[in-house]
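I opened this notebook to record what I looked up in the structure, and in what order. The entries cover the sheet, the helices that pack on it, one helix pair and the cysteines.

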Amino acid sequence: MDIKKAEFTLSSPTVQMCPNDNKPEYAFIGRSNVGKSSLINMLCNRKGLAKTSATPGKTLLINHFIINNEWYIVDLPGYGFAKHSKTVVKKLDQMIRTYVLQRRQLVNLFVLIDIRHEPQKVDREFIDWLGESSIPFTIIFTKADKLTGGKAKANVDAYMNSLKDRWEELPPYYISSAEKKIGREEILNYIEQINNELKETSSQQE
Ligand code: GTP
Ligand code: MG
């Protein structure tokens with residue numbers, strides 16, 4: 001898929017304040033500093049579109065970006081960032097969970113995992129919660145440029161294996177690097193395919 005146009009639309013503190021024009025949306029979530037905003041910029045080919053930072057906890061609102069006037073990318077705050085005050089962590093957690101559960105336009109959630117790390121409890125709890133809540137999601141491993149190909153693949157296999165204790169059917173996954181533009185085509189094609197399926201279903205219903 002070609003991204004011809006990508007524009008910032010709105011930052012919202014609550015799900016009620018998000019755009020309500022019924023366009024399908026794809027949200028990006030994961031631990032603070034995992035590379036959500038960088039990945040969004042890489043996918044859109046626009047460096048400063050979503051604000052990135054080496055300091056974790058940069059994104060604090062629900063940020064909508066309109067793509068090709070047809071669908072939204074949503075940049076969410078990171079979860080589990082201990083350096084925020086307890087009140088802020090709780091508020092962000094509430095914001096994220098309410099968005100995920102209540103946002104009708106959300107067609108798929110991309111859960112980002114740093115490819116370098118061992119499976120972390122906070123990610124696992126979030127992923128299990130998505131399963132319990134029947135929310136469709138896809139895993140994206142980030143920062144693949146930081147490992148050699150062999151080590152990256154070994155970590156991905158180990159991660160997916162670690163899910164098998166509770167997950168009968170594993171979620172789809174992609175490997176990415178914002179730095180080296182790895183995974184761009186695959187992720188955009190995946191979104192395009194879902195968008196096309198949605199168009200077909202809605203035209204059948206008309
Ligand atoms: P919060 O908004 O704070 O939750 O963080 P985020 O998940 O949006 O992360 P962000 O995109 O701001 O990136 C965090 C840091 O990781 C920045 O210093 C980025 O430059 C770096 N980074 C992100 N993606 C990559 C990548 O693919 N490769 C490398 N080497 N660094 C990356
Ligand atoms: Mg961010």
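The entries below follow that order, and they concern a predicted model.

**Entry: the sheet.** I began with the strands and asked in which order they form the sheet. I found an open sheet of seven strands, ordered β1-β3-β4-β2-β5-β6-β7, in which the pairing is mixed. At its edges I noted β1 (6-12) and β7 (173-175), each of which pairs on one side only. From one strand to the next, the twist averages 25°.

**Entry: one strand pair.** I then looked up how β2 and β4 are joined, and found that β2 (residues 25-30) and β4 (residues 71-75) run parallel and are connected by four bridges. Within β4, Y72 is the residue that stands opposite E25.

**Entry: helices on the sheet.** Next I asked which strands helix α3 touches. Helix α3 (residues 121-132) packs on the sheet, where it touches β2, β5 (106-114) and β6 (137-142), and its direction makes about 160° with that of β5. I made a similar search for helix α4 (residues 149-162), which lies across β5, β6 and β7 and runs at about 150° to β6.

**Entry: a helix pair.** Two packed helices are described by the angle between their axes and the distance between the axes, and I looked up both values for one pair. Helix α1 (residues 36-44) packs against helix α5 (residues 184-205) at an angle of about 85°, and their axes are 10 Å apart. Angles of 65 to 115 degrees count as roughly perpendicular, so α1 is roughly perpendicular to α5. On the α1 side I listed M42, L43 and C44, which meet R184, I187 and L188 in α5. Sorted by type, the residues of this contact of α1 with α5 are five nonpolar and one charged, with no polar residue.

**Entry: the cysteines.** Since C44 appears in that contact, I went on to ask how many disulfides a search of the whole structure finds. The search returned zero disulfides. C18 is in none, and the cysteine sulfur nearest to it, that of C44, is 17 Å away. Why does C44 form no bond with C18? A disulfide needs the two sulfur atoms within 2.5 Å, and the C44 sulfur is 17 Å from the one in C18, its closest cysteine sulfur, which is too far for a bond. I also checked whether these two residues are buried or exposed. With the limit for buried set at under 20% relative accessible area, C18 is buried because its value is 6%, and C44 likewise counts as buried at 4% relative accessibility.

Note on methods: Residues numbered from 1 in each chain as written. Chains lettered and ligands numbered in written order. Predicted model: local features only at pLDDT ≥ 70, side-chain atom pairs only at ≥ 80, totals over all residues. Heavy atoms only, no water. Axes fitted to C-alpha atoms, helices over the stretch in contact; angles between N-to-C directions. Helix = DSSP H or I, 4+ residues; strand = E, 2+ residues; numbered from the N terminus. Parallel < 35°, antiparallel > 145°, perpendicular 65-115°, else oblique. Contact = heavy atoms within 4.5 Å. Nonpolar A, V, L, I, M, F, W, Y, C, P; charged D, E, K, R; others polar. Buried < 20%, exposed > 50% of the residue type's maximum accessible area, 1.4 Å probe, protein only. Pairing = 2+ DSSP bridges.
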